[in-house]
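Dear colleague,

Please find below the structure I agreed to pass on to you. A short account of the aromatic contacts follows it.

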Amino acid sequence: CDRLVELGFVTILVNMFSYAQFDIKREVAYALANIAADGRHACAIVDAGAVRPFMQLLYARDPDVAAVTMNFVGLILAGHPQGRRLVEEAGGVDALEQLVFYENPQLRQQASLLLDRFFGEEELVDEGDQGIDEE
């Protein structure tokens with residue numbers, strides 16, 4: 001994997017997200033997720049611009065792609081210093097929230113866990129602030 005990153009292969013794969021058909025995007029997602037799996041190259045993949053295309057794949061309703069994508073999102077949220085902000089800006093919270101209602105119970109659970117672990121506290125604080133008048 002080190003050599004693939006050094007040679008710029010990650011950038012080529014990320015660029016394929018913008019023009020390839022879904023079946024190619026699915027393979028790109030698998031390849032990038034495998035490169036990022038140990039956590040060492042996740043930042044290189046993020047820096048190449050992969051966050052938004054990964055978030056868009058969550059809407060494809062393909063359970064295999066959704067599982068791979070959520071694993072990648074979990075790596076970013078846990079290991080990238082700006083992971084939470086990047087996922088939020090790429091529409092990841094909305095994409096994960098729609099998966100909470102997906103027919104696949106494993107995907108529902110994984111989406112709920114990511115939302116609760118990385119975004120739950122803020123939402124609870126926001127909800128708790130509603131209805132409090134500061135006069």
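How many aromatic pairs does the count come to? The count comes to two aromatic pairs in this model, which is a predicted one.

F17 and F54 make up an edge-to-face pair, with 5.3 Å from centre to centre and 70° between the planes. This contact links distant parts of the chain: F17 sits in the loop between α2 (9–16) and α3 (22–36), whereas F54 belongs to helix α5 (residues 51–57), and the two are 37 residues apart. F17 has a relative accessible area of 5% and is therefore buried, the cut-off for that class being under 20%. F54 is likewise buried, its relative accessible area being 0%.

F54 also pairs with F72. Their ring centres are 4.0 Å apart and their planes stand at 20°, so this pair is stacked; planes under 30 degrees apart count as such. Because F54 lies in helix α5 and F72 in helix α6 (residues 63–79), the pair ties together parts that are 18 residues apart in sequence. F72 is buried as well, at 1% relative accessibility.

Taken together, F17, F54 and F72 form one aromatic cluster. F54 takes part in the edge-to-face pair with F17 and in the stacked pair with F72.

With kind regards

Key. Residues numbered from 1 in each chain as written. Predicted model: local features only at pLDDT ≥ 70, side-chain atom pairs only at ≥ 80, totals over all residues. Heavy atoms only, no water. Phe/Tyr/Trp six-rings, centres within 6.5 Å; stacked < 30°, edge-to-face > 60°. Helix = DSSP H or I, 4+ residues; strand = E, 2+ residues; numbered from the N terminus. Buried < 20%, exposed > 50% of the residue type's maximum accessible area, 1.4 Å probe, protein only.
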